[in-house]
Amino acid sequence: MSKAIAFSEYGTPEVLRLSEVTAPEPGPGQVRIRVRAASVNPLDLKIRSGLMAGAIPAHFPVVPGLDAAGVVDAVGEGADAAVGDEVLGATTGGGYSEYALLERPVAKPAALSWEVAASLVTVGRTAFRVLAQLGVGKGQTLLVHGAGGSVGIIAAQLAVARGITVIATVGEHDIERVTALGATAVRYGDGWVQRVNTAAPRGVDFVLDASGAGVLADSVALTGDSARVITIADMSAAQHGVRFSGGSTDSADQAEDVLPQLAELAADGRLTLPVWRTYPLAEAATAHADLEAHRNRGKAVLLP
């Protein structure tokens, strides 16, 4: 048996309870890890609340958690790891637990902290995917809405490293931090279009919306083409002719190839992903409440 966070009904963070569960056994190609860190993602909150019930129906009880990092302690047939390996990856069956299953474990560089290793998986994959889907290239200008968040800040850094000019809309408290990473940061909110035009007098070629803050209509106007705008956060995308990128089924997602690269970049200090706060496993409900109240300024991570 092991301890895990589970919920047996949709609801507020209070439905998350510390429970005793049977430790999962790895199947073919899987490994079981002793979890050292598990990332808390916005999608976890949507699944718990029932907002994703149509797309991701729950089979209660549910152990949430998309991403985890830890030490392999059991391997299934054909698994690409050995007992004792330090790995990170997407979980099968939930990461808010002392033990979790990974189907495609990626080696964790020694210099990479457990907290960042667990945090990197979903947001790193998403940032890489949406840049590939946009097709933005060297010498062009990309506007990133919500660049202070985890997906936005990774996308901005990857784009800067590729020779792309990045304009980033962020909160006042994030301007200095995002500017230090090579983007031109401007304050979001009323008047953002004018501030972007001032920062990018030659115009904007592409837009990535990671904010969901009702910016799609003006973003399409800025680029002149809805095909040059993509969102991961605004469900009204279709009303504006904008692509909503929401999952790994997209053809541009090469997540399993890019994770080792992202892990090495983060380990070398060439990619920054802020971890805002860590929580004991038993305080998962507090972590969810903090994210729902938008108190976080970076990733929230559970430490079983």
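Guide: A residue is buried under 20% relative accessible area, exposed over 50%, and partly exposed in between (1.4 Å probe, protein chains only). The model is predicted: local features need pLDDT of at least 70, side-chain atom pairs count only at pLDDT 80 or more, and totals for chains, interfaces and linings use all residues. Residues are numbered from 1 along each chain as its sequence is written, and side-chain values use heavy atoms, with hydrogens and water left out.

Visitor: Why is Asp268 called partly exposed?

Guide: Its relative accessible area is 48%, a value that lies between the two limits, so Asp268 is neither buried nor exposed.

Visitor: What makes Arg270 and Asp268 a salt bridge?

Guide: The term requires a side-chain nitrogen of Lys or Arg within 4 Å of a carboxyl oxygen of Asp or Glu. The closest N and O atoms of Arg270 and Asp268 are 2.7 Å apart, so the pair qualifies. Arg270 itself counts as exposed, at 55% relative accessibility.

Visitor: How do you know that Arg104 and Glu103 also meet in a salt bridge?

Guide: Their N to O distance is 3.9 Å, which is within the limit, so this pair is counted too. Arg104 is exposed at 51%, whereas Glu103 is partly exposed at 38%. In total, the structure holds eleven salt bridges.

Visitor: What does the salt bridge of Asp290 and Arg277 tie together?

Guide: The side chains of Asp290 and Arg277 meet at 3.1 Å, N to O. Asp290 lies in helix 8 (residues 284–292) and Arg277 in strand 14 (residues 275–280), so the bridge ties together parts that are 13 residues apart in sequence. Helices (H or I, at least four residues) and strands (E, at least two) are DSSP runs, numbered from the N terminus. Asp290 is buried at 6% relative accessibility, and Arg277 is partly exposed at 34%. Elsewhere, salt bridges that share partners join Glu25, Arg32 and Asp73 into one network.

Visitor: How do you know that Asp67 has no salt bridge?

Guide: Lys and Arg count as positive and Asp and Glu as negative, while His and the chain ends are not counted. The nearest side chain of opposite charge to Asp67 is Lys299, 5.3 Å away, so the distance exceeds the salt-bridge limit. Asp67, which is buried, has its place in strand 4 (residues 67–75).

Visitor: What joins the side chains of Asp67 and Thr122?

Guide: They share a polar contact of 2.6 Å. That term denotes a pair of N or O atoms within 3.5 Å; within protein, one must be able to donate a hydrogen and the other to accept it, and residues adjacent in sequence count only if both atoms are side-chain atoms.

Visitor: Why are the buried residues of helix 5 said to line one face?

Guide: In helix 5 (residues 192–199), Trp192, Val193 and Val196 are buried. Seen down the axis, the buried residues fall within an arc of 100°, so they line one face of the helix; the arc is that of the directions from the helix axis to the C-beta atoms. Gln194 and Thr198 are exposed on the other side. The buried residues pack against strand 8 (141–145), strand 9 (165–170), strand 10 (184–187) and helix 6 (216–223), where contact means heavy atoms within 4.5 Å.

Visitor: Which residues of helix 6 are buried?

Guide: They are Leu216, Ser219, Val220, Leu222 and Thr223. Their arc is 160°, so they too line one face. Their cover includes strand 8, helix 5, strand 11 (206–209) and strand 12 (229–231). Gly224, with a positive phi near 80°, follows helix 6.

Visitor: What makes Phe7 and Phe60 an edge-to-face pair?

Guide: The structure holds two aromatic pairs. Rings of Phe, Tyr and Trp (its six-membered ring) pair if their centres lie within 6.5 Å; planes under 30 degrees apart are stacked, over 60 edge-to-face and the rest tilted. The centres of Phe7 and Phe60 are 6.0 Å apart and their planes are at 70°, so the pair is edge-to-face. Phe7 is buried at 1%, and Phe60 is partly exposed at 38%.

Visitor: Why is the pair of Tyr10 and Phe60 called edge-to-face?

Guide: The rings lie 5.2 Å centre to centre with 70° between the planes, so both conditions are met. Tyr10 lies in the loop between strand 1 and strand 2 and Phe60 in the loop between helix 1 and strand 4, so the pair ties together parts that are 50 residues apart in sequence. Tyr10 is partly exposed, at 29%. Phe7, Tyr10 and Phe60 form one aromatic cluster.
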